[in-house]
Amino acid sequence: MAEGTAPISPEGAAIGRPIARDDGVAKVTGRARYAADCRPPGLLHAVIAPSRIARGRVTAFDLDAAMAEPGVVAVMTPANRPPLAEDPDAKTAPIVFRLDLLQDDRIRYAGQPVAVVIGETLEAAEEGAFRLAPAYAAEPALVDIDAAEPFVPETVGLGAPVERRRGDVEAALATAAHRVQRRYETAAQVHNPLEPHAVVAVWEGDRLWVDTPSQNVARAQRRIAGLLGLPPDHVHIRSPFVGGGFGAKAFPAGPQVLGILAARLVGRPVKLVLSRAQMFGAVGHRAPTRQTLRLGLADDGTIAALAHHARVASSRFDDFFEPAAALSGGVYAAGAVETTHEAVRLDIATPVVMRGPGEATGSLALECAIDEAAAELGLDPLAFRRLNHADTEPISGRPFSSKALRACYDAGAARFGWAGRPLAPRSLSDSDGRLVGLGIGTAVFPSMMFQAEARALLRADGAAIVELGAHEIGQGAATALRQIAADALGLPLSAVTLRTGASDLPDAGGAAGSSHTATAGSAIHAAGTALVARLAALATADPASPLHGAGNAVLFAADGALHAGDGRRDPHAAVLARAGLGAIEARGAAAPDRAARASHAMAAHGAVFAEVAVDPDLGAIRVTRLVGAFAAGRIVNPRLARSQLVGGMIWGLSLALHEAAQFDPATGAIANADLGAYRIPVHADLPFVEALLVAEEDTLVNPLGVKGVGEIGITGTAGAVANAVWHATGVRIRRFPIRIEDLA
Ligand code: MOS
């Protein structure tokens, strides 16, 4: 953020208020129009035919049978797919995923689209896809992370270093009084947002209108324009409502582009919606991991060495490797620390970012290992964590821009009732004879920020419209950003309208990396500040204004007026009216403060406490309490923030106990590709989940002091649940999710 931006008005009435979400009523009454709700005239329906094999070639289609189905209009295969301006396998930008757009007959994973059938009705297209009956030449497929040959990739995540170290871990391990070495396994997961990937594509000459859910409309516009050879401003992406993304919609996926190509092929509007089973195919997932933690411990309980090594999986043809070990460079103080990765390639779809990509699985392994180290030393796991609190970021030595983790430990422990927890496992039981255990995990997530722009328009009636291509993906961004806009403009919330979710608006960055409120909010803040400055210049230059001659610097905007702080005020509408202006507009931009980010580590922190009850005969695990305390800088809307944190914590519970996409070694396909067999927690699996907000002020992270709450909840929680299971039973399970048969 540029220097010289005004501080947030202390009079700001909107930020910090727990208002209900703006989109709530539209969503629960069905008025919210999602992509698949769009029905342009002449609409056709497209259905993907997914590969049944994981590796090999398509040798034939029964095109005659498919076309003979009444209502089938066309079948799109590699033979007739409209041409592309770019090879979908080309890395045309630093962060671009390779896509399967029917470029040839090769099969790279089960579920890969091999054809698209277009019909007058959905039923006709589905029947046509069934009748297409592709024939395959199958080759042996490998989907087992343990059986593949590892290698060291060039980067992990979206360009992060594969290895980081500070100090000599091997030397510190060799001389440590105690050593703990443990290996943990996590399963593949699939995002499964409530709204599947969907696209409605309408071509008008060489202009394209696309209704599709997206976490980043500007990126989607660039990628789609590039593939089609169109100027970006000829591609209009609309994404006003997104029914969850969790990373799966951060990048345009192949099926979305196939829907656009199908519309090109037939010259009519086309809708393509993935089925739930197809969501387990071509739109990304969280790959499995194998993680080894090595800790060297001094007699006084301090960590002398911490090494976190992760094996992560990707596809044969692209390079997203989940950075599972990376977070361990930033959580606990250690004399020496290193984080390293190795990768394997499997015959699976390319994984993609998924809520807490790397942090979620890495935190699970780290928090279990920390717990095992505490047990080795006979220390209370919370006391052990406090003892090894990182005052500076261990891997870099940088100070934190702010870090209220100790206050999170205090608040969470007090609320949960940690004091008095017996050290030994298998010490507690409930009145039903179930074994009871209490566990803790430290939560952490980096505070990212990206570039964004926004524009603000103040009308003569004193109402404002703020526009930017931000994303309401169910997380409440539309509401929180409008709160930021109201305070920046000094207007009551009721006077501010926010327009988002379209690529024709200024690029607001993506709703990803828990960065959206910080990034888009900072741009809104900048636009609002610029608009108030224009307004102030008009007022102070106007002899008729009560503020005439006042210095701009002392003015602030609140309650729909400019104020001099001495009782003098001039309403926004009055300033415009006297100037004879129908409206004034201002733009603002935001970018991360590179100097502050070079000198400081920036992260949100938290402490999660879990209680479980385990049936001693059946091994059935019930989480009975879950309390998290989080410090994430300024909280724009406590109600929405808690909702994000609670949602993340539920996913953490799910990571520990429920979710696993099971690759079938015989077919290479995910065998449990539906929400019946892919276990997610339902209400009966959940206790009352509580998220406490711990006060934290941060003047470096961005002008708003906002850190982000979207992903941190999943970290800490999974480890806390696993540690509670150990405390209940005395059995340490290191393969996740923990299964009933592990404990019975
Ligand atoms: Mo989220 S995994 O950063 O889209």
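**Exercise 1. Find the residues, beyond four places in sequence, that Leu489 is in contact with. Then place Leu489 in the core and in a helix pair.**

Solution.
Step 1. The model is predicted. Set aside the neighbours of Leu489 within four places in sequence. Leu489 is then in contact with Ala456, Leu458, Ala464, Val496, Gly528, Leu531, Val532 and Ala557.
Step 2. Turn to the core. The largest nonpolar core has 253 residues. Leu489 is among those with the most contacts inside it, together with Val117, Ile118, Ile524, Phe630 and Val721.
Step 3. Which helix gives the largest share of this core? Helix H11, residues 516-540, supplies 13 residues.
Step 4. In general, nonpolar side chains of soluble globular proteins tend to be buried together.

**Exercise 2. Describe how helix H10 (residues 477-489) packs on H11.**

Solution.
Step 1. Take the geometry. The two axes come within 8 Å and cross at roughly 25°.
Step 2. Classify the angle. Angles under 35 degrees count as roughly parallel, so H10 and H11 are roughly parallel to each other.
Step 3. Add the hand. H10 passes H11 in a right-handed crossing.
Step 4. List the contact. H10 brings Ala477, Ala480, Leu481, Ile484, Ala485, Ala488 and Leu489. H11 meets them with His516, Thr517, Ala520, Gly521, Ile524, His525, Gly528, Thr529, Leu531 and Val532.
Step 5. Sort the residues by class. The contact of H10 with H11 has 11 nonpolar, 6 polar and no charged residues.

**Exercise 3. Helix H15 (residues 714-729) packs with helix H14 (residues 638-657), and also with helix H7 (residues 359-377). Work through both contacts.**

Solution.
Step 1. Start with H14. H14 and H15 pack at about 45°, with their axes 7 Å apart. That angle makes H14 oblique to H15.
Step 2. The crossing of H14 and H15 is right-handed.
Step 3. On the H14 side, the contact is made by Gly648, Met649, Trp651, Gly652, Leu653, Leu655, Ala656 and Leu657. On the H15 side stand Ile714, Gly716, Thr717, Ala718, Val721 and Ala722.
Step 4. By class, the contact of H14 with H15 has 10 nonpolar and 4 polar residues, and no charged ones.
Step 5. Move to H7. H7 and H15 pack at an angle of about 40°, and their axes are 7 Å apart. The crossing is right-handed.
Step 6. H7 contributes Glu359, Ala360, Ser363, Leu364, Glu367, Cys368 and Asp371. They meet Ile714, Thr715, Gly716, Ala718, Gly719, Ala720, Ala722, Asn723 and Trp726 in H15.
Step 7. The contact of H7 with H15 divides into 8 nonpolar, 5 polar and 3 charged residues.

**Exercise 4. Decide whether Leu102 is buried or exposed, and do the same for Asp559. Include the backbone angle phi of Leu102 and of Asp559.**

Solution.
Step 1. Locate Leu102. Leu102 lies in the loop between strand E3 (72-76) and strand E4 (106-107). Its phi is near 60°, a positive value in a residue other than glycine.
Step 2. Count neighbours. A residue needs 20 or more other C-beta atoms within 10 Å to be buried. Leu102 has 24, so it is buried.
Step 3. Locate Asp559. Asp559 sits in the loop between strand E21 (556-558) and strand E22 (561-563). Asp559 is not a glycine, yet it has a positive phi of about 55°.
Step 4. Count again. Asp559 is partly exposed because 14 other C-beta atoms lie within 10 Å.

**Exercise 5. Characterise two loop residues, Pro394 and Met602, and find the cis peptide bond before Pro737.**

Solution.
Step 1. Pro394 is in the loop between helix H8 (381-387) and helix H9 (405-416). Pro394 counts as buried, with 24 C-beta neighbours inside 10 Å.
Step 2. Leave out residues up to four places away in sequence. Pro394 then touches Arg166, Gly329, Gly330, Tyr332, Ala333, Ala334 and Val337.
Step 3. Met602 is in the loop between helix H13 (594-599) and strand E25 (603-614). Met602 is buried, with 26 other C-beta atoms within 10 Å.
Step 4. Apply the sequence filter to Met602. Met602 touches Ser401, Pro446, Ser447, Arg597 and Val701, not counting residues up to four places away.
Step 5. Pro737 is in the loop between H15 and helix H16 (740-743). The peptide bond from Phe736 to Pro737 is cis, with omega near 0°.

Definitions and conventions. Residues are numbered from 1 along each chain as its sequence is written. This is a predicted model: local features need pLDDT of at least 70, side-chain atom pairs count only at pLDDT 80 or more; totals for chains, interfaces and linings use all residues. Axes are lines fitted to C-alpha atoms, for helices over the stretch in contact, and angles run from 0 to 180 degrees between N-to-C directions. Helices (H or I, at least four residues) and strands (E, at least two) are DSSP runs, numbered from the N terminus. Angles under 35 degrees count as roughly parallel, over 145 as roughly antiparallel, 65 to 115 as roughly perpendicular and the rest as oblique. A crossing is left-handed if the near helix is turned anticlockwise from the far one by less than a right angle, and right-handed if clockwise. Two residues are in contact if their C-beta atoms, placed from the backbone, lie within 7 Å. Ala, Val, Leu, Ile, Met, Phe, Trp, Tyr, Cys and Pro count as nonpolar, Asp, Glu, Lys and Arg as charged, and the others, Gly among them, as polar. A nonpolar core is a set of buried Ala, Val, Leu, Ile, Met, Phe, Trp, Tyr and Cys residues joined through C-beta atoms within 7 Å. A residue is buried if 20 or more other C-beta atoms lie within 10 Å of its own, exposed if 12 or fewer, and partly exposed in between; C-beta atoms are placed from the backbone.
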